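Me: Happy to look at this one together. Could you walk me through it, starting with the overall fold?

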Amino acid sequence: MKARVIVTTLIEKNGQILLGQKSKDIGPYPNTWHLPGGGAKLEIESLEDAVRREVKEETGLEIAKMERVSFDEDYEPDKKGEMTHYVFLVYKVTPKTMNAEAADDIVTLKWFKKSGLEDILLTRPSIKFFKEIGWI
């Protein structure tokens, strides 16, 4: 089984958080909403560089500051259907601006109220994280 390190980001604005929706029927976690982020290229970049790159690729946002918040793991088939061990590293980031636009493998970006997260089709790791910090 292969393994991947995934950096994800918690971006807040006015009591809301930014989530991206995955492409329909394309794994991992198809048809779900998740924290923006993606795979770290550990051979060529640091974790912080991966956070900057992934946020820029998926949202168009540039990061002003970041801090490590949490980590978790999960098992899910990748885009090709191969079972993969994912290690998730969550960072709280503050972008330079809040003008986000969906790109890369994100079809939609949307700001959600924390109080309504239990009503959204989220990834398992996102659900676990929001429970851990008391938002679900």
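Me: Which radius of gyration does the protein chain have, set against a compact globule?

Reply: Glad to help! This is a predicted model, where local features need pLDDT of at least 70, side-chain atom pairs count only at pLDDT 80 or more, and totals for chains, interfaces and linings use all residues. Residues are numbered from 1 along each chain as its sequence is written, and side-chain values use heavy atoms, leaving out hydrogens and water. The radius of gyration is taken over C-alpha atoms, and the globule rule is 2.2 Å times the number of residues to the power 0.38. For 136 residues that rule gives a value near 14 Å, and the protein chain agrees, with 14 Å.

Me: In what order do the elements of the protein chain run from the N terminus?

Reply: Helices (H or I, at least four residues) and strands (E, at least two) are DSSP runs, numbered from the N terminus. The protein chain has 2 helices and 8 strands. Their order is β-β-β-β-β-α-β-β-β-α.

Me: What share of the residues of the protein chain count as buried?

Reply: Buried means under 20% relative accessible area, exposed over 50%, and partly exposed in between (1.4 Å probe, protein chains only). Of the 136 residues in the protein chain, the buried share is 46%.

Me: Is M83 buried, exposed or partly exposed?

Reply: M83 lies in strand β7, which covers residues 83-95. Its relative accessibility is 39%, so M83 counts as partly exposed.
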